[in-house]
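I opened my notebook for another look-up session, and here is what I wrote down. Come along if you like reading contacts and distances.

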Amino acid sequence: MIWKVLHDIYSCTSIYRYGRVELNFFFNELESQRMMANPLNPNLYYALSVLWQVAYDVKLLHTEPWSSFDMCSQSGQREKPESKESLEQQTQQNLCLIQLTPHKDLFSQHLTSVNYDVFFHMTKQCFLKRHGKLIDHLTSLSPIDAMDILKKIRQDKTIKIIDMYPSDFKCLFETIECSKDHTCKWLYDDFMEDVIV
């Protein structure tokens, strides 16, 4: 469901055909923490964190223990947990009510509902080696000179992926996309075309 909502907002499909729609969802505590994580909490910071925060203002509204909720079957009967362990897991976790407010400036001339999948791919690729330096990732992402990209986004050559904020990833993507010196901006353009088709 998490990826479905992300694809919907970036592709302007489903409810987002009608514009910016604010959503309130219950997520488990770990997923909520990952959605709101940044370089200050590196153990929870993933590509998903970046994609959520670029698209939405993510706000925790309320935390509620699992024990407040009953699990019911389709017939309305209360379900018993499958095992004692699953019951203990549920009672130790919380559900978090999260407000997702789409950013007005999500899309730009260079990040659109047409090329968002390349942004997804770039972000996921970066986080495969999250403790690696950005400059090392750039050589496998784009044929454009890595030092030139770093200069344009005002980052040092020692910066690591885990130290970049969500807005830095958006800036990186838009900088590569707006480059006029190369007709091929991404080393995986052909791969992305196959995925889209």
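**Starting from a buried leucine**

I began with L111, which counts as buried because its relative accessibility is 0%. The model is a predicted one, so I keep that in mind for each value below.

Next I asked where L111 is placed. L111 belongs to the loop between β3 (94-102) and α5 (116-128).

Then I listed what L111 touches, leaving out residues up to four places away in sequence. I found L106, Y116, F119, K170, F173 and E174. K170 caught my eye, as L111 and K170 are 59 residues apart along the chain. Their C-alpha atoms are separated by 8.1 Å.

**K170 again, in a helix pair**

K170 turned up a second time when I looked at α3 and α8, since K170 is one of the α8 residues that meet α3. I noted the ranges first: helix α3 spans residues 47-55 and helix α8 spans residues 166-177.

For a pair like this I write down two values, because packed helices are described by the angle between their axes and the distance between the axes. The axes of α3 and α8 come within 8 Å and cross at roughly 85°. That crossing makes α3 roughly perpendicular to α8, because angles of 65 to 115 degrees count as roughly perpendicular.

Which residues meet here? On the α3 side I have V50, Q53 and V54, and on the α8 side P166, F169 and K170. Sorted by type, the residues of this contact give 4 nonpolar, 1 polar and 1 charged.

**Salt bridges**

How many salt bridges does a search of the whole structure find? My search came back with 3, and I took them one by one.

- K4 with D8: the side chains meet at 2.8 Å, N to O. Both residues lie in helix α1, 4 residues apart, about one turn of the helix. K4 counts as partly exposed because its relative accessibility is 48%, while D8 has a relative accessible area of 9% and is therefore buried.
- R34 with E31: I noted 3.6 Å, N to O, for this salt bridge. The two residues are 3 residues apart in helix α2 (residues 29-36), so about one helical turn separates them. R34 is partly exposed, with a relative accessible area of 26%. E31, at 18% relative accessibility, counts as buried, because the cut-off for buried is under 20%.
- D148 with K152: the distance here is 3.4 Å, N to O. They sit 4 residues apart in helix α7 (residues 146-152), so again about one helical turn lies between them. D148 is partly exposed at 28% relative accessibility, and K152 is partly exposed at 46%.

**The start of the chain**

Last I checked M1, because I wanted to see what the record says about it. The UniProt entry, which is unreviewed, has a "binding site" annotation that covers M1. I treat that note with some care, because such annotations may be inferred rather than shown by experiment.

M1 is found in the segment before α1 (2-11). Is M1 buried or exposed? M1 counts as exposed, because its relative accessibility is 58% and the cut-off for exposed is over 50%. Setting aside neighbours within four places in sequence, M1 is in contact with F25 and F27.

Note on methods: Residues numbered from 1 in each chain as written. Predicted model: local features only at pLDDT ≥ 70, side-chain atom pairs only at ≥ 80, totals over all residues. Heavy atoms only, no water. Buried < 20%, exposed > 50% of the residue type's maximum accessible area, 1.4 Å probe, protein only. Contact = heavy atoms within 4.5 Å. Axes fitted to C-alpha atoms, helices over the stretch in contact; angles between N-to-C directions. Parallel < 35°, antiparallel > 145°, perpendicular 65-115°, else oblique. Nonpolar A, V, L, I, M, F, W, Y, C, P; charged D, E, K, R; others polar. Salt bridge = Lys/Arg side-chain N within 4 Å of Asp/Glu carboxyl O.
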